[in-house]
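Got the viewer open? Let's take a short walk through this structure, one selection at a time.

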Amino acid sequence: MSTALSFESVTKTYGRKAALSGLSFSVDTGSICGLVGSNGAGKTTTMSIAGGALKRFEGRIELLGQTGFDVEKLSGRLTVIPQDSELPRYARVEDLLSYYARLQGLSKTDVRRSVKDVLEWTNLGDRARSSIRQLSHGMRRRVTVAQAFLGNPELVLLDEPMNGLDPAEKANIRDLLIDRRGKQAILISSHNLDEVERVCDSVVFIEDGRLVKQESMEALTTKTLVTRYLVDQKELDCSELSIAVPGCQFSQDSEGWLVCSAPISETAAAVNARVLGRLLAQNVGVLRVETGATLEEIYLTDIRSSRSGS
């Protein structure tokens with residue numbers, strides 16, 4: 001598979017402070033990649049370098065087969081939406097998108113076609129003549145997402161696209177992004193690990209400007225033999241369960257999820273047979289079963305390990 005974006009040993013400093021320290025990762029063509037890290041980890045700096053806003057750094061970047069950021073060669077092929085980007089509130093949605101499409105270098109015919117397409121795709125066709133100030137926060141975010149995909153760019157960089165959205169609008173934006181899988185390479189910077197897990201094909205963990213891990217989402221969330229049981233009792237005796245099911249360790253969160261960590265030598269089916277048998281024997285109702293650690297669990301484990309090793 002070809003690569004849409006790659007960082008090779010990229011270092012960026014502000015005075016004596018290193019924002020990035022030898023960062024290396026890549027985003028495959030047609031894939032959706034999540035960029036995850038704590039505050040100050042270097043996510044915004046990474047996005048700024050990839051988008052051409054920061055040009056002085058050490059190391060090498062490649063964008064769509066081009067070394068470095070060349071405006072002429074990348075014009076219309078790459079778009080960037082910064083975190084909390086604002087739109088001119090007086091502008092009408094259709095006029096504004098048409099203006100941005102012209103900036104992308106599209107012809108008059110392509111401008112009309114592209115604006116029509118993104119308005120339909122983002123379910124904003126009935127708001128085409130509305131001004132930005134008449135839209136809800138979630139609708140304005142949908143306009144910025146629509147803007148990012150005008151002209152079908154090959155690489156899209158989105159910094160916290162779901163920031164401040166309510167659950168319904170998060171679901172809207174999530175579904176829109178999933179719809180683009182295979183059509184563009186997308187790099188999404190986000191603190192929302194649940195949304196990253198749902199949307200992205202792969203994930204990059206960074207901390208203190210360094211790569212902690214890059215892996216496909218499927219491999220990352222299933223390689224650890226962790227099984228989660230949503231049960232109808234919220235105060236189970238986890239120590240008793242650990243004794244009753246040898247080799248397994250249990251914990252329970254406030255929502256009722258019982259988390260079982262089992263020996264990697266066992267299969268998920270074998271673990272389920274042992275654990276479910278014990279739970280049912282104790283008249284514990286099992287409402288749902290999920291196999292594999294969540295992205296949040298993996299991230300916290302890896303980041304803590306990274307910090308303790310530094």
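A bit of vocabulary before we start: Ala, Val, Leu, Ile, Met, Phe, Trp, Tyr, Cys and Pro count as nonpolar, Asp, Glu, Lys and Arg as charged, and the others, Gly among them, as polar. Keep in mind, too, that you're looking at a predicted model.

**Stop one: the start of the chain.** Select residues 3-14, which are strand β1, and residues 17-28, which are strand β2. The two run antiparallel and pair over eight bridges. Click on Leu 5 and look across: Val 27 in β2 stands opposite. What links the two strands? They form a hairpin with two residues between them, and in that turn Gly 15 has a positive phi of about 65°.

**Stop two: another partner for β1.** Now add residues 58-63, strand β4, which pairs with β1 in the antiparallel sense over five bridges. Pick Ser 6, and you'll find its bridge partner in β4 is Glu 62.

**Stop three: the largest pocket.** Its volume is about 470 Å³. Of the 18 residues lining this pocket, select Asp 194, Glu 197, Arg 228, Glu 290 and Thr 294, which lie nearest its centre. Then show α7 (193-199), β14 (286-291) and α11 (295-309), each supplying at least two lining residues. The largest share, four residues, comes from α7. By class, the lining has ten charged, five polar and three nonpolar residues.

**Last stop: the second largest pocket.** This one has a volume of about 160 Å³. Select some of its lining, including Trp 121, Phe 149, Asp 110 and Arg 180. The lining's classes come to four nonpolar, three polar and four charged.

How values were computed
Residues numbered from 1 in each chain as written. Predicted model: local features only at pLDDT ≥ 70, side-chain atom pairs only at ≥ 80, totals over all residues. Heavy atoms only, no water. Pairing = 2+ DSSP bridges. 1 Å grid on protein atoms, 1.4 Å probe; cavity = no way out; pocket = protein on both sides within 12 Å on 5 of 7 lines; lining within 4 Å. Points joined across faces, edges and corners; volume = space filled by probe spheres on them.
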